[in-house]
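Visitor: I am in my first year and still learning how to read a protein model. Could you take one strand, look at it closely with me, and then show me how the rest of the structure is put together?

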Amino acid sequence: MRRTLLITAAVVLLIALGVGVYFVFFTKKGGLTVGQGTSFPSSDTNGANSAVVSASTQELGVPLANAGTDIAPGLVRITNTPVSLGSVATYVPGQVAGTSTATSAPLTSYQPDVRVEYIERESGNIYDYQAHARTLTRLSNKTLPGVEEATWLPDGSLAYARFLDKGSGSEHIGTYALPATGTGGYFLEPGLAQVIARGTSTLVTLLSTTDGSSATISTPSGAGVRTLFTTALSAIRVAFSGNNYVVTTKGSATSDGYAFLVDAKTGGFTRILGPLQGFSTLASPSGKYLLYNYLDRGKPALAVLDLGTHVATRLPLATLSEKCAWSSDSFTLYCGVPTTMTGKIPDDWYQGAISFSDRLWKIDMITRDATLLISPKQAGNTDVDAVGLTVDSTNDVLIFMNKIDSDLYAYDL
């Protein structure tokens with residue numbers, strides 16, 4: 001009897017060990033997860049990620065009134081949870097009550113507003129915030145945890161969500177084309193260094209290669225794919241500049257940076273700035289101007305280059321181009337300007353070793369006047385390190401993320 005019990009116990013132990021080994025060595029883990037019964041497909045063709053993240057408690061599609069927290073006159077903190085870097089602000093014209101001429105359906109009256117769309121970092125859910133109505137609506141219930149950056153189509157219909165994908169035991173940057181509705185979507189090529197979109201006509205993807213970098217152009221739907229350029233330069237950023245492109249090498253306080261104008265038809269490079277240390281750029285939508293920051297005898301400086309005349313004008317403010325946004329007509333700049341800038345700039349800031357306390361400024365490119373909009377520290381006792389700035393087409397509302405806590409803010413211009 002005792003021998004039978006020993007044999008039975010041994011068999012049970014072997015089965016338990018077998019099951020344990022299976023789950024340890026043969027099941028897959030990763031970051032793509034489920035939210036309310038729906039999930040993204042995995043970019044890993046060998047299996048899907050399995051970690052579970054709780055979905056937002058806010059009901060899908062139901063507006064939440066009185067959203068946001070007033071920080072100071074005109075300044076609202078939209079979220080108190082981290083968001084992905086990159087949002088979109090779209091002007092929504094008002095509507096007068098009446099009857100639709102197309103469908104004969106009654107129309108409800110509403111005031112003009114600015115619709116802000118963003119991605120919550122933890123869940124990957126997309127939200128719609130109406131800046132003047134102060135309502136917040138969750139648009140999607142699919143989840144993609146850890147979305148660090150999002151590039152949007154200008155109409156807010158789709159975001160290219162970028163995250164660290166750990167599938168197949170290796171790490172790479174994944175990019176998922178995520179419709180604002182949460183339905184559909186697809187993966188782009190893994191390991192892309194950058195994705196940028198212009199209107200609904202042009203998508204540019206940048207890939208780092210063993211020989212440098214390669215950029216591909218297509219429509220957002222993936223049609224008309226062709227190579228935009230290949231270059232031996234690595235660690236670069238590409239930006240739209242009118243009908244052409246600007247390529248900028250990575251900036252550092254200890255190494256020289258360069259900017260090149262890239263012909264959209266030939267892919268040819270023409271150097272326009274550099275060598276400059278502590279260097280980064282921000283091209284205007286029209287292609288007329290290039291904002292750039294650099295170190296002048298070790299101190300941060302800000303200037304604008306007229307790409308037509310090749311005349312550079314130094315501005316009276318010192319900040320980084322990553323802390324600015326152009327208006328859609330390229331006549332106005334909005335910037336977060338640090339009250340003080342100490343340390344090894346921009347390296348320490350990039351690495352998160354330091355943070356800034358900004359004031360928001362407006363710069364008129366016609367008159368070259370700089371106007372202080374607000375000091376969040378003085379007006380609302382809040383330190384703001386502004387990044388990811390964007391403004392709607394009517395210059396009504398300025399949106400930015402606070403790098404200190406990754407919360408999203410809106411300032412009524």
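Guide: Let us begin with strand E31, which covers residues 386–391: five of its six residues are buried, so this strand is largely enclosed by the rest of the structure. Please keep in mind throughout that we are looking at a predicted model. The partner of E31 is strand E32, made of residues 397–402, and the two pair in the antiparallel sense over four bridges. If you want to find a place where the two strands face each other, look for Ala 386, which stands opposite Asn 402 in E32. Between E31 and E32 there are five residues, and together the two strands form a hairpin. Within that turn you will find Asn 395, whose phi is positive, at about 55 degrees. In general, the strands of a sheet pair through backbone hydrogen bonds, and they may do so in a parallel or an antiparallel way.

From here we can step back to the whole protein, which has three helices and 33 strands. Of its 413 residues, 47% are buried. The accessible surface comes to about 19800 Å², and carbon and sulfur atoms hold 55% of that area. Among the contacts with a separation of 6 or more, 44% are between residues 24 or more positions apart.

With that background, consider two of the sheets. One is an open sheet of four strands in the order E5-E8-E9-E10, and its pairing is antiparallel. Its edge strands are E5 (88–92) and E10 (135–138), each of which pairs on one side only. Going from one strand to the next, the twist averages 20 degrees. Strand E5 is joined by five bridges to strand E8, residues 113–119, and these two run antiparallel. Here Val 88 is the residue that stands opposite Glu 117 in E8.

The other open sheet also has four strands, this time in the order E19-E20-E21-E22, again with antiparallel pairing. At its edges lie strand E19 (236–241) and strand E22 (269–277), which each pair on one side only. In this sheet, too, the twist from one strand to the next averages 20 degrees. Six bridges connect E19 with strand E20, residues 244–249, in an antiparallel arrangement, and Ser 241 stands opposite Asn 244 in E20.

Side chains offer a second way of reading the model, and the aromatic rings are a good place to start. A search of the whole structure finds 13 aromatic pairs. One of them is formed by Tyr 118 and Tyr 127, whose ring centres are 5.6 Å apart and whose planes meet at 10 degrees, so the pair is stacked. Both of these tyrosines, Tyr 118 and Tyr 127, are buried. Another pair, Phe 229 and Phe 269, is edge-to-face, with 5.2 Å from centre to centre and 85 degrees between the planes. Because Phe 229 lies in strand E18 (residues 226–231) and Phe 269 lies in strand E22, this pair ties together parts that are 40 residues apart in sequence. Phe 229 has a relative accessibility of 3% and therefore counts as buried, whereas Phe 269, at 28%, counts as partly exposed. These two phenylalanines also belong to one aromatic cluster, formed by Phe 229, Tyr 258, Phe 260 and Phe 269. A ring can also have a charge as its neighbour: the charged end of Lys 403 sits over the ring of Trp 349, 4.9 Å from the ring centre.

Finally, compare two single residues from other elements. Thr 332 belongs to strand E28, residues 332–338, and its relative accessibility of 9% is why Thr 332 counts as buried. Leaving aside neighbours within four places in sequence, Thr 332 is in contact with Ala 325, Trp 326, Ser 327, Lys 362, Ile 363 and Met 365. Gln 378, by contrast, is found in helix H3, residues 376–380, and with a relative accessibility of 70% Gln 378 counts as exposed. The C-alpha atom of Gln 378 is separated by 9.2 Å from that of Arg 359, although the two residues are 19 residues apart along the chain. If you now return to E31, you can set this exposed glutamine beside a strand in which five of the six residues are buried.

How values were computed: Residues numbered from 1 in each chain as written. Predicted model: local features only at pLDDT ≥ 70, side-chain atom pairs only at ≥ 80, totals over all residues. Heavy atoms only, no water. Buried < 20%, exposed > 50% of the residue type's maximum accessible area, 1.4 Å probe, protein only. Contact = heavy atoms within 4.5 Å. Areas by Shrake-Rupley, 256 points an atom, 1.4 Å probe, with all protein chains shown as cover. Pairing = 2+ DSSP bridges. Axes fitted to C-alpha atoms, helices over the stretch in contact; angles between N-to-C directions. Phe/Tyr/Trp six-rings, centres within 6.5 Å; stacked < 30°, edge-to-face > 60°. Lys NZ or Arg CZ within 6 Å of the ring centre and 35° of its normal.
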